[in-house]
Amino acid sequence: MLESLELPPEGERALLVGIEYPKHTMGEAATLLDELRELVTNLGLVVADAQLVRLREPHARFLIGSGKAEELMALAKTLDCGTIIFDDDLAPAQQRNWQMECGLSIMDRQEVILDIFSRRAHTKEANLQVELARLEYALPRLRNAWSHLSRQRGGGSVTQRGEGEAQLELDHRMARDRIAKLKRELEEVVKQRATQRKLRQRIPVPTAAIVGYTNAGKSTLLRALTGANVYVADKLFATLDPSTRQLILPDGQKLLVTDTVGFVRRLPHRLVEAFKATLEEAVQADFLIHVIDASSPDAAEQAQTTLNVLKELGAEHKPILTIHNKLDKLDQSDHLEFRDRRDQQSIAISAATGEGIPELLTALSELTLGSGVVTQLLIPHSRYDIIHRLHSNGCVREEKATDDGVLIVGCIPQRLRSLVEPFLTTIATA
């Protein structure tokens, strides 16, 4: 529909530009520029060069100074680049100034992430969410698409306006109408998710959401835990649509585990908003499994990014089990360094090889039972439906048949308290 929404062609050469401000810690801007390189590569573009520009404060016209801007434009043309990509947000006017000055395609980090999401979306819900985010990003930039047409012939009426202005107004109206329609459709998706959640809660099973930085190994972990045939790939944002699978824990308890979309530093706020329906699984889960890539030199920053997004979603107070993944990618010296900096409350695993998975399953069992107390019940012989329910949820520790009924000692989670309350005899501490 709109030229500004077209994806860049694969194989096109790109010049990357990182911005280093005084507020950045040492090496932070360079690390972010390296991450942008990986993001751009995931779009199928060829990175011809990457330049880091030190800047005290942003300039109104080009974000950077005019002299440096001219230097980068010349470099891009020398390297036969079709696109210049900034690792910082560009205002619509700044993006327009660059395009008018050098005639190349100009993108910023937000647009790169939006384009990756657009290519990876498969389900109807994900496509709706991505289209909404991209339209909201493109709306203030629509005038770029028609800069080659006359703006106005004279006068103020619509019939007297030039072809460019008439088309611009039409595009704005179409985009706003489409945004309104997408929001209505996504509201229906949220309602459908709520209905599905209520259906799951009729047979109460605890839930956990796997969260973490993109490419930390979340989908691989879901496959390792449940044997689920979920898509796994060593690239950023491989999973956009949540996948929920049932896990039978060693003590017989059932746990529903959901894989969620990965987070990234400088995640566009509009994506957080647009993906609320998807990320709602993290908000609604009983607890979170936070997966950290132990092999990444930026593991601490990536973990903090995840916690920041969870806070924005209102899920920061959920119980969190921290998992350090990809032990198989650490050499001996890395193992020693990791051991020194690792939080001892966390669990170290390799989802790819299975190392540490038994310890993780034990921890999941303890978390699943965490809301329960050790309880003694005397259930009549006529209520074997309740006994079966307790067994299927892994609540039974001891069981003994008596003349008056079945004596059961077990850890009963809060969700089943109302079911067993009439049969309580003694409550002990867990």
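With which residue does E20 form a salt bridge, and how far apart are the closest N and O atoms? In this predicted model, the partner of E20 is R54, and the closest N and O atoms of the pair are 3.2 Å apart. E20 belongs to strand β1 (residues 13–20) and R54 to strand β2 (residues 46–54), so the salt bridge ties together parts that are 34 residues apart in sequence. The two partners fall into opposite classes of accessibility. E20 has a relative accessibility of 18% and therefore counts as buried, the limit for that class being under 20%. R54, in contrast, is exposed, with a relative accessible area of 64%.

The surroundings of R54 in sequence include V53, which also lies in strand β2. V53 counts as buried, at 5% relative accessibility. Leaving aside residues up to four places away in sequence, V53 touches V17, G18, I19, E20, I64, K68 and L72. This list includes E20, the residue that is bridged to R54, and K68, which takes part in a salt bridge of its own. The C-alpha atom of V53 is separated by 9.4 Å from that of A29, a residue 24 positions away along the chain.

The chain as a whole has 14 helices and 14 strands. Of its 430 residues, 49% are buried. Among contacts with a separation of 6 or more, 70% are accounted for by residues 24 or more positions apart. The accessible surface of the chain comes to about 20700 Å², and carbon and sulfur atoms contribute 49% of this area.

Salt bridges number 13 in the structure. Side chains of opposite charge can pair when their charged atoms come close. Besides the pair of E20 and R54, one of these salt bridges is formed between the side chains of K68 and E71, with an N to O distance of 3.1 Å. Both residues lie in helix α2 (residues 66–78), where a spacing of three residues places K68 and E71 about one helical turn apart. K68 is partly exposed, with a relative accessible area of 28%, and E71 is likewise partly exposed, at 46%.

A further salt bridge links two helices. R178 pairs with E131, the closest N and O atoms being 2.8 Å apart. Because R178 is located in helix α6 (residues 163–202) and E131 in helix α5 (residues 124–138), the pair ties together parts that are 47 residues apart in sequence. R178 counts as partly exposed, at 25% relative accessibility, and E131 is also partly exposed, with a relative accessible area of 29%. Elsewhere, E35, D87 and R109 are joined into one network by salt bridges that share partners.

A helix contact of another kind is found between α7 (residues 218–226) and α12 (residues 357–368), whose axes come within 11 Å and cross at roughly 85 degrees. The two helices are therefore roughly perpendicular to each other, since angles of 65 to 115 degrees fall in that class. On the side of α7, the contact is made by L221, A224 and L225, and on the side of α12 by I357, L360, L361 and L364. By class, the contact comprises seven nonpolar residues, with no polar and no charged residues.

Two loop residues were examined for their backbone geometry. D80, found in the loop between α2 and β3 (83–86), has a phi near 60 degrees, a positive value in a residue other than glycine. D80 counts as exposed, at 61% relative accessibility. N215 lies in the loop between β5 (207–212) and α7, the helix that crosses α12. Although N215 is not a glycine, its phi is positive as well, at about 70 degrees. With a relative accessible area of 18%, N215 is buried, whereas D80 is exposed.

Note on methods: Residues are numbered from 1 along each chain as its sequence is written. This is a predicted model: local features need pLDDT of at least 70, side-chain atom pairs count only at pLDDT 80 or more; totals for chains, interfaces and linings use all residues. Side-chain values use heavy atoms; hydrogens and water are left out. Axes are lines fitted to C-alpha atoms, for helices over the stretch in contact, and angles run from 0 to 180 degrees between N-to-C directions. Helices (H or I, at least four residues) and strands (E, at least two) are DSSP runs, numbered from the N terminus. Angles under 35 degrees count as roughly parallel, over 145 as roughly antiparallel, 65 to 115 as roughly perpendicular and the rest as oblique. Contact means heavy atoms within 4.5 Å. Ala, Val, Leu, Ile, Met, Phe, Trp, Tyr, Cys and Pro count as nonpolar, Asp, Glu, Lys and Arg as charged, and the others, Gly among them, as polar. A salt bridge is a side-chain nitrogen of Lys or Arg within 4 Å of a carboxyl oxygen of Asp or Glu. Buried means under 20% relative accessible area, exposed over 50%, partly exposed in between (1.4 Å probe, protein chains only). Accessible areas come from the Shrake-Rupley method with a 1.4 Å probe; for residues, only the protein chains shown count as cover.
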